[in-house]
Amino acid sequence: MKTQITRAPSRRRRRRQRRWPLFLLLAAALVIAVGFSQLGSGQMRHLKSVSLPDWVDVQIIPVNGAARRGEPMKKVTDIAIHYVGNPGTTAQANRNYFAQPGTQVSAHFLVGLDGEVIQCIPLEEKSSATNERNRDTISIEVCHPDASGQFTQASYDTLVRLTAWLCDTAGIGRDRVIRHYDVTGKACPLFFVEHPDTWTQFLADVAAA
């Protein structure tokens, strides 16, 4: 009886066999990347076409290359909260400041001392508010009556309402809210930084709104 000899696979065949898992991994990564890209573009198309609530006064500032660069965002992951840092100033005064040719800063929204809201930057564009997170955050600046940075009750109530609406509209969930402080360490919004319990309460109020 002849002994059957089983030949070991050639090196070339073994190399080919090893390539398949790597190919599959690369293909899976490509599918995931394309999926995330499509999700982001769908979100941005929605934000570009969404109707603002009637309690928002739309006063978009001109493109000037600094405060408003006209650069689109690829996705929105968080809502960033700020304070204006100029005690007693109004939302309108701060909006007009953003619109000046030499101004380097801006925000998507301003909340005034009486709870009024002004939109300054389109939802789908980058603002100039949160440093490296301008690429994926919608920013809200809030006016305050004095140097403590504490918001009026009217401002606070509107901030809760606006933040909840933006989270829902962007489809990111109401837990996706940060302070400017959380990005750069800057004490902004001041009162929420110096009184962390008020920040915790704010997040709870947004979740419950």
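Is Thr-137 buried or exposed? Hi everyone, let's start there. This is a predicted model, and Thr-137 is found in strand E5. The answer is that Thr-137 is buried, because its relative accessible area is 0%, and the cut-off for buried is under 20%.

What does Thr-137 touch, leaving out residues up to four places away in sequence? The list is Met-73, Asp-78, Ala-80, His-108, Thr-130 and Ile-178. There is also a polar partner to point out: a polar atom of the Thr-137 side chain lies 2.7 Å from the backbone oxygen of Arg-133.

Keep Arg-133 and Asp-78 in mind while we turn to the salt bridges. The count for the model comes to nine. Take Arg-68 and Glu-125 as one of them: their closest N and O atoms are 2.8 Å apart. This pair links distant parts of the chain, with Arg-68 in the loop between strand E1 (56-58) and strand E2 (78-83), and Glu-125 in the loop between strand E4 (117-119) and strand E5 (137-142). Along the sequence the two are 57 residues apart. Both Arg-68 and Glu-125 are buried.

Now look at Glu-71, which forms a salt bridge with Lys-126, with 3.4 Å between the closest N and O atoms. Why does this pair tie together parts that are 55 residues apart in sequence? Because Glu-71 lies in the loop between E1 and E2, while Lys-126 lies in the loop between E4 and E5. As for burial, Glu-71 counts as partly exposed, because its relative accessibility is 31%.

Over to Asp-168 and Arg-174, please. Their side chains meet in a salt bridge, at 2.6 Å from N to O. Asp-168 has a relative accessible area of 44%, so this residue is partly exposed. Arg-174, at 24%, is partly exposed too. And here Asp-78 and Arg-133 come back: salt bridges that share partners join them with Arg-135, Asp-136 and Arg-176 into one network.

On to the inside of the model. In soluble globular proteins, nonpolar side chains tend to be buried together. Here, the largest nonpolar core has 34 residues, and those with the most contacts inside it are Phe-109, Ile-140, Leu-166 and Phe-202. Which elements each supply at least two residues of this core? They are helix H1 (11-49), E2, strand E3 (109-111), E5, H3, helix H5 (190-194) and helix H6 (196-208). H3 gives the most, with nine residues.

Ile-140 is a nice place to stop and rotate the view. Leaving out residues up to four places away in sequence, Ile-140 touches Ile-79, Ala-80, Ile-81 and His-82, then Phe-109 and Val-111, and finally Leu-159, Leu-162, Thr-163 and Leu-166. A second core, separate from this one, has twelve residues, among them Ile-61, Val-84, Ala-91 and Ala-99.

One last stop: Gln-150, which sits in the loop between E5 and helix H3 (153-170). Is Gln-150 buried, partly exposed or exposed? With a relative accessibility of 41%, Gln-150 counts as partly exposed, because partly exposed covers the range between the 20% and 50% cut-offs. Beyond residues up to four places away in sequence, Gln-150 touches His-144, Pro-145 and Phe-191. The C-alpha atoms of Gln-150 and Tyr-83 are 9.1 Å apart, with their positions 67 residues apart along the chain.

That's my tour, and thanks for listening!

Definitions and conventions
Residues are numbered from 1 along each chain as its sequence is written. This is a predicted model: local features need pLDDT of at least 70, side-chain atom pairs count only at pLDDT 80 or more; totals for chains, interfaces and linings use all residues. Side-chain values use heavy atoms; hydrogens and water are left out. A salt bridge is a side-chain nitrogen of Lys or Arg within 4 Å of a carboxyl oxygen of Asp or Glu. Helices (H or I, at least four residues) and strands (E, at least two) are DSSP runs, numbered from the N terminus. Buried means under 20% relative accessible area, exposed over 50%, partly exposed in between (1.4 Å probe, protein chains only). Contact means heavy atoms within 4.5 Å. A polar contact is a pair of N or O atoms within 3.5 Å; within protein, one must be able to donate a hydrogen and the other to accept it, and residues adjacent in sequence count only if both atoms are side-chain atoms. A nonpolar core is a set of buried Ala, Val, Leu, Ile, Met, Phe, Trp, Tyr and Cys residues joined through side-chain atoms within 4.5 Å.
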